[in-house]
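User: Hi! Could you walk me through this one, a question at a time?

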Amino acid sequence: MAQEEMKRYKTKIAGETYTIIGTESHYHMEIVNDLANEQIEQIKQQSPSLTNEQAAILLAINTISVQVKQQETILDQRNEIDQLKAEIGRVKELEERLDRIEAREKEARQAIIKEKRQLTEEETLNHIEVQKVLNQQVKEKIQRNNDHKKNN
């Protein structure tokens, strides 16, 4: 990765001129400069007896406090993301289980349908066999009647 180019930025904070060296854009540094001056002015309005140096130290303390809170928030959000990822993993596992259960259920339904078809075929074959036997009995009865009539 290429190293970022260092830039010089001249600024005035609380009436003092500073040269800041960094990688941020001129626009970014203007925003930082404006915010620093606004916040120092607010601190001095609340405590007019403070020197610029004291106000700058309080600004630094406030800024670090905000930074710590933001870092805590980031850590909390990372923990929440990790928990959500774990939950997503559990949901995927449950979905996979459900898919397996549904596949087994489908196989069971197909087996039941197949068994019903076999039973129906067997019943049909049994009906056919019974009908054949009945037909044979009827034929034999007719034959006996015909034989009996011939003999009489």
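Analyst: Happy to. Please keep in mind that this is a predicted model. A good place to start is arginine 109, which counts as partly exposed because its relative accessibility is 45%.

User: Which residue meets arginine 109 in a salt bridge, and what is the N to O distance?

Analyst: Both residues sit in helix α2, and because they are four residues apart, about one helical turn separates them. The partner also counts as partly exposed, since glutamate 105 has 42% relative accessibility. The side chain of arginine 109 meets that of glutamate 105, with an N to O distance of 2.4 Å.

User: How many salt bridges are there by this rule, and what is the distance between arginine 97 and glutamate 93?

Analyst: The count comes to two. Arginine 97 and glutamate 93 both lie in helix α2, four residues apart. Arginine 97 is partly exposed because its relative accessible area is 43%, and glutamate 93 is partly exposed at 40%. The closest N and O atoms of this salt bridge are 3.0 Å apart.

User: Where does the largest share of the largest nonpolar core come from?

Analyst: That core has seven residues: Ile13, Ala36, Ile40, Ile43, Leu50, Ala55 and Leu59. Helices α1 (26-46) and α2 (52-151) each supply at least two of this core's residues. The largest share of this core, three residues, comes from α1.

User: Is asparagine 33 buried or exposed?

Analyst: Asparagine 33 has its place in helix α1. Leaving out residues up to four places away in sequence, asparagine 33 touches Tyr9, Thr11, Lys12 and Ile13. Its relative accessible area is 12%, and the cut-off for burial is under 20%, so asparagine 33 is buried.

User: Which residues form a nonpolar patch on the surface?

Analyst: One member is isoleucine 31, found in helix α1. Isoleucine 31 counts as partly exposed because its relative accessibility is 37%. The patch has about 310 Å² of accessible area together, and its residues are Tyr27, Ile31 and Leu35.

User: How many bridges join strand β1 to strand β2, and which residue stands opposite lysine 12?

Analyst: Strands β1 (residues 7-13) and β2 (residues 16-22) run antiparallel, and seven bridges join them. They form a hairpin with two residues between them, and alanine 14 in the turn has a positive phi of about 55°. Opposite lysine 12, in β2, stands threonine 17.

Methods: Residues numbered from 1 in each chain as written. Predicted model: local features only at pLDDT ≥ 70, side-chain atom pairs only at ≥ 80, totals over all residues. Heavy atoms only, no water. Pairing = 2+ DSSP bridges. Core = buried A, V, L, I, M, F, W, Y, C linked by side-chain atoms within 4.5 Å. Buried < 20%, exposed > 50% of the residue type's maximum accessible area, 1.4 Å probe, protein only. Patch = residues over 30% accessible without salt bridge, like charges linked within 9 Å, V, L, I, M, F, W, Y side chains within 5 Å. Areas by Shrake-Rupley, 256 points an atom, 1.4 Å probe, with all protein chains shown as cover. Salt bridge = Lys/Arg side-chain N within 4 Å of Asp/Glu carboxyl O. Contact = heavy atoms within 4.5 Å.
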